Amino acid sequence: MRRLGSAFSLLLGAWRSRPLSRNLLWVFAVVLGISGIGLLVYPPITNWISAREQSRLEREFRSPQFRSRTSTSEIAPGQVVVRLVIPTISVDALVVEGTDPRSLRAGAGRYTSTALPCQPGNVGIAGHRNIYGSPFLRLDELKEGDE
């Protein structure tokens, strides 16, 4: 314990006698604090962004233009494609066209190289597990046969 105290006093003495090291330590502490705050607020901010996008997509999903657009398969990136509902893991998300970072801010996106929903073939959907609404957070809880 005595050794720890003498090491601490040595560091404190060096810190007091060298203004450059004191300033560098202060800058390091500020950068570390700002980084920590950023890490804490990033997930809630992305979830808020996703919630706003889902609200906008809900209005688009209910519009008459949505029905006519999907029947002709004219869907632009970022436009709503389908509602994905998985009751077992409490997922109710609107899926947009595309999987680029901007599209995935809405929550989930359809791979454009896969089939459209309700058409022959497989539909590929991408989404995050921990940010932007976390649509697939509990995906590992699904079991074979779940709807």
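Student: How many salt bridges does the count come to in this model?

Tutor: The model is a predicted one, and a salt bridge here requires a side-chain nitrogen of Lys or Arg within 4 Å of a carboxyl oxygen of Asp or Glu. Side chains of opposite charge can pair when their charged atoms come close. By this rule, the number of salt bridges is 8.

Student: In which elements do E58 and R83 lie, and how many residues apart in sequence are the parts that the pair ties together?

Tutor: The side chains of E58 and R83 meet in a salt bridge, at 2.6 Å from N to O. E58 belongs to helix α2 and R83 to strand β1, so this pair ties together parts of the chain whose separation in sequence is 25 residues.

Student: Is R83 buried, exposed or partly exposed?

Tutor: The class called partly exposed lies between the limits of 20% and 50% relative accessible area. R83 has a relative accessible area of 26%, and therefore counts as partly exposed.

Student: Which residues are joined into one network by salt bridges that share partners?

Tutor: R83 pairs with E58, and R83 also forms a salt bridge with D92, where the closest N and O atoms are 2.8 Å apart. Through salt bridges that share partners, one network is formed by E58, R62, R83 and D92.

Student: Which strands hold E97 and R110, and how many residues apart are they?

Tutor: E97 and R110 form a salt bridge, with 2.7 Å between the closest N and O atoms. The pair links distant parts of the chain, E97 being in strand β2 and R110 in strand β3 (residues 108–110), at a separation of 13 residues.

Student: Are E97 and R110 buried or exposed?

Tutor: A residue is classed as buried at under 20% relative accessible area. Both residues of the pair, E97 and R110, fall in this class: they are buried.

Student: How many bridges join strand β1 to strand β2?

Tutor: Strand β1 spans residues 80–86 and strand β2 spans residues 91–97, and the two run antiparallel. One of the pairings sets V80 opposite its bridge partner V96 in β2. The number of bridges joining the two strands is 6.

Student: What phi does S90 take in the hairpin of β1 and β2?

Tutor: S90 lies in the loop between β1 and β2, and the hairpin has 4 residues between the strands. At 60% relative accessibility, S90 counts as exposed. Most residues other than glycine have a negative phi. S90 is not a glycine, yet its phi is positive, at about 60 degrees.

Student: Where does S134 lie, and is S134 buried or exposed?

Tutor: S134 likewise has a positive phi, of about 45 degrees, although it is not a glycine. S134 is found in the segment after β4. Its relative accessibility is 16%, so S134 counts as buried.

Student: Which strand gives the most to the largest nonpolar core?

Tutor: The largest nonpolar core has 8 residues, namely L84, I86, I89, V91, A93, V95, A108 and F136. At least two residues of this core come from each of β1 and β2. With 3 residues, the strand that gives the most to this core is β2.

Student: How many residues does the second, separate core have?

Tutor: In soluble globular proteins, nonpolar side chains tend to be buried together. Apart from the largest core there is a second, separate one, which includes L57, F66, V80 and V96. The size of this second core is 7 residues.

Student: Which backbone nitrogen does the side chain of Q54 reach?

Tutor: Q54 has its place in helix α2 (residues 19–62), and at 17% relative accessibility Q54 counts as buried. Not counting residues up to four places away in sequence, Q54 touches A93, L94 and A106. At 3.0 Å, the side chain of Q54 reaches the backbone nitrogen of L94.

Student: What pattern does the protein chain follow along the sequence?

Tutor: The protein chain contains 4 helices and 4 strands. Of its 147 residues, 26% are buried. Read along the sequence, the pattern is α-α-α-β-β-α-β-β.

Student: Where in the protein chain is confidence lowest?

Tutor: The protein chain averages a pLDDT of 84, and 84% of the residues score at least 70. Where pLDDT is low, the predicted coordinates should not be read in detail. Confidence is highest in strand β4 (residues 125–127), at 92, and lowest, at a mean of 64, in helix α1 (residues 2–17).

Methods
Residues are numbered from 1 along each chain as its sequence is written. This is a predicted model: local features need pLDDT of at least 70, side-chain atom pairs count only at pLDDT 80 or more; totals for chains, interfaces and linings use all residues. Side-chain values use heavy atoms; hydrogens and water are left out. Two strands pair if DSSP finds at least two bridges between them. A nonpolar core is a set of buried Ala, Val, Leu, Ile, Met, Phe, Trp, Tyr and Cys residues joined through side-chain atoms within 4.5 Å. Buried means under 20% relative accessible area, exposed over 50%, partly exposed in between (1.4 Å probe, protein chains only). A polar contact is a pair of N or O atoms within 3.5 Å; within protein, one must be able to donate a hydrogen and the other to accept it, and residues adjacent in sequence count only if both atoms are side-chain atoms. Contact means heavy atoms within 4.5 Å. pLDDT is the predictor's confidence in each residue, from 0 to 100.
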